[in-house]
Amino acid sequence: MDATEVGRTTDVSTEILYSTLLEDNEWSKEETDYLFNIAHDYDLRWYVIHDRYEFLDGPPRAIEDLKDRYYSCCRKLIRSRPWSGDEASKSQLLNNYQFDKEREKMRKNYIASLEERTQEEIAEEEALFIELKRLEQNERKFRKERDELLRTLLGIDSGLPDIVAEEEGPASLSTDGLKKKKKGTMDLDIPPTPTNVVSLGPPATKRPQSAKAAVYDEKHCIMRVEPPVTATTKTTHVPVHLRSFKLPIPKATIAPKVTQALAEIGVTHSRLVMPTRENCAKLESLLETTTALIDTKKIVDKVEQDIRVLRARLGLRESEGANGDTQESMQMMDVDESKDGSVNKEGEIDGRSQSVVSTKSGRGRKQVRASTYKHFCIYPDWYEATEERLDFQICGGLYMYNHITACNTSYWLVFT
Amino acid sequence: MAEARVRVRGVTIHRPIIYGNTATVLTAAERETCGFPDHTHRWTVAVRSAANAPDSDTVGGADDLSYFIKRVTFKLHDTYSNPTRNIDKPPFELSETGWGEFEIHIRIHFVAESGEKPVTLYHHLKLHPWSLTFQALGTEPEIPSPESAAKFGPVHSWQYDEIVFTDPFQSFLTLLTAHPPTPLPRTSKNPTPFHTSYPASLEETRKPGVPEFTGAMERDEGERLEEAKEKIIKEQEKWKGILLEREKELERLQKLLAAKD
């Protein structure tokens, strides 16, 4: 994905998107748009962008402010959008848009302070550094001598390894070596800056190998991965298997929905014609996407349910005192009984007529028998958990009406 | 040799195989000689390497698999005499006559060097030609008359798969790499083997000739899966849009309600 493309949304719901995702006290929508445009115009060359940045009546922005706003928006958008690649590439992309304003400022301050050192300070640092090296060297020498002595005296009982590796001689203290050393330590001291530069490909999971080795591996059907850190024992060893044994399967709770959704587009996920590694991976990613789709649909249903409850409550408010309107609010509440959007229309109509009829009859009796009813409050959580039970109850005769209690909550009443 | 018993970590190595059966209708003369007058078909069930041998009339079987497979056990329907048949030499296949379809249990035993236990797979013996009129689950398939079935030629039912060894012993790895499998041809003039997961290929599978597994089949399936994913993603985008709208609506209603309180 092009870096700037992320931000240039052509979505019809841009407004909604902005208000739900990108709202920020420091930034107006207009300025954000301006930022994305200018970022695009100057191709993410931040110094140029900062130089040309001129937003009417806007507060002065440091280059870090601009980058921070830009990258944080991009990250939010990436997270919210359906992703066609696998998870690894998504997090890889997210990493590319990582930006830590505070750290970046700290880094620049640090560089500035390095730059501003006086000659004396530099000299002092170098002297101290040499002193430190000398101390370390002495320490090592001392330990070596002590070990040798122990080995001579105690032999194998000393428990010391036979060879003590001595990595550095005094030669490393030459000025040349010192310079190199210094550079190395300097690099380490600077906090690693988050990369805003697109890195080359995903982090390699395969061992680096030559083209020749790749050809060899392909010929022999060999796949190499980084061996796990912990040693595999007999029990953790993955036994021989057929590739198709490890075909991904959707979670049991949503498996029927996944199967149905895929059957609609002509895919059988339980068997593959050619269950090769690539195809299994593709199937897995297809299943993940499908699961995400079904999750989204579920959320939509929940939100719709909430809307229905709210509408009913609003309707009730308006009709308080005016009995004639009650019926309308009833209608609104049971406009859609479907829980997953796939309940057939017929059932829906049946359910409606049934509930409307019963509301009438139930209302007559409620004064008398309300205490013998079971009350169920429609909370989305509960609703989710007892979906099946509810289904059964609809079949067995579910009666719905609005019960106005002190807390003004809608109830489902079930005859017991 | 202690070194040979060292596992090579981080390596998986697989061997492509096919398993399944071929069936032909018996002629009247054959029916008389086979000893079972009610038997209508001769079939051969087999485990073979995936690639076809050049100019051979069998599906698969280009490579001899006995370098890593020690024995294949076919467990037939109990009505057969000694239903458990062990095949200890290549080719790992078994021919029989019969009249009905049933599930065959295939157990593959590996050579001792592998240090692996046998794996079991199942194959539904297919005698009658493939058709697109799919039977409902649990019902008997429509059985065409032997005469019309014979016109279709031999019936093939094969499943491609890959036997995957993880962290193999060094000695076993050496053994495997001494026998690289014949790669599948990229494309082939021969018909594609039929598969229930891809019913649209039925016409393609009816061409004359010996069915052959090809690299194109893998690529085609990969493309089908990717297309399906694209469709799902489009759908997902649509629903995300709906969700945003609904959430907006919910918020509006909440505000409305709050304003009234």
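**Exercise 1.** State how many residues each chain brings to the contact between chain A and chain B, and give the area buried there.

*Solution.* Contact means heavy atoms within 4.5 Å. By this criterion, 65 residues of chain A and 70 residues of chain B take part. The model is predicted: local features need pLDDT of at least 70 and side-chain atom pairs pLDDT 80 or more, whereas totals for chains, interfaces and linings use all residues. Residues are numbered from 1 along each chain as its sequence is written, chains are lettered from A in the order in which they are written, and side-chain values use heavy atoms, without hydrogens and water.

Next, buried area is the accessible area (1.4 Å probe) that two parts lose on being put together, summed over both. Here the value is about 6,200 Å², and carbon and sulfur atoms give 65% of this area. A:Val240, A:Val273 and A:Met274 supply 12% of the area that chain A buries against chain B, more than any other three residues.

**Exercise 2.** Determine how many salt bridges the rule finds across the interface of chain A and chain B, and describe one of them.

*Solution.* The rule requires a side-chain nitrogen of Lys or Arg within 4 Å of a carboxyl oxygen of Asp or Glu. Four salt bridges satisfy this rule across the interface. One of them joins A:Arg311 to B:Glu249, with the closest N and O atoms 2.7 Å apart.

**Exercise 3.** Identify the bridge partner of A:His241 in strand 8 of chain B.

*Solution.* Strands are DSSP runs (E, at least two residues), numbered from the N terminus; two strands pair if DSSP finds at least two bridges between them. Strand 2 of chain A pairs with strand 8 (residues 155–166) of chain B in the antiparallel sense, over two bridges. Within strand 8 of chain B, the partner of A:His241 is B:Val164.

Terms used
Helix = DSSP H or I, 4+ residues; strand = E, 2+ residues; numbered from the N terminus.
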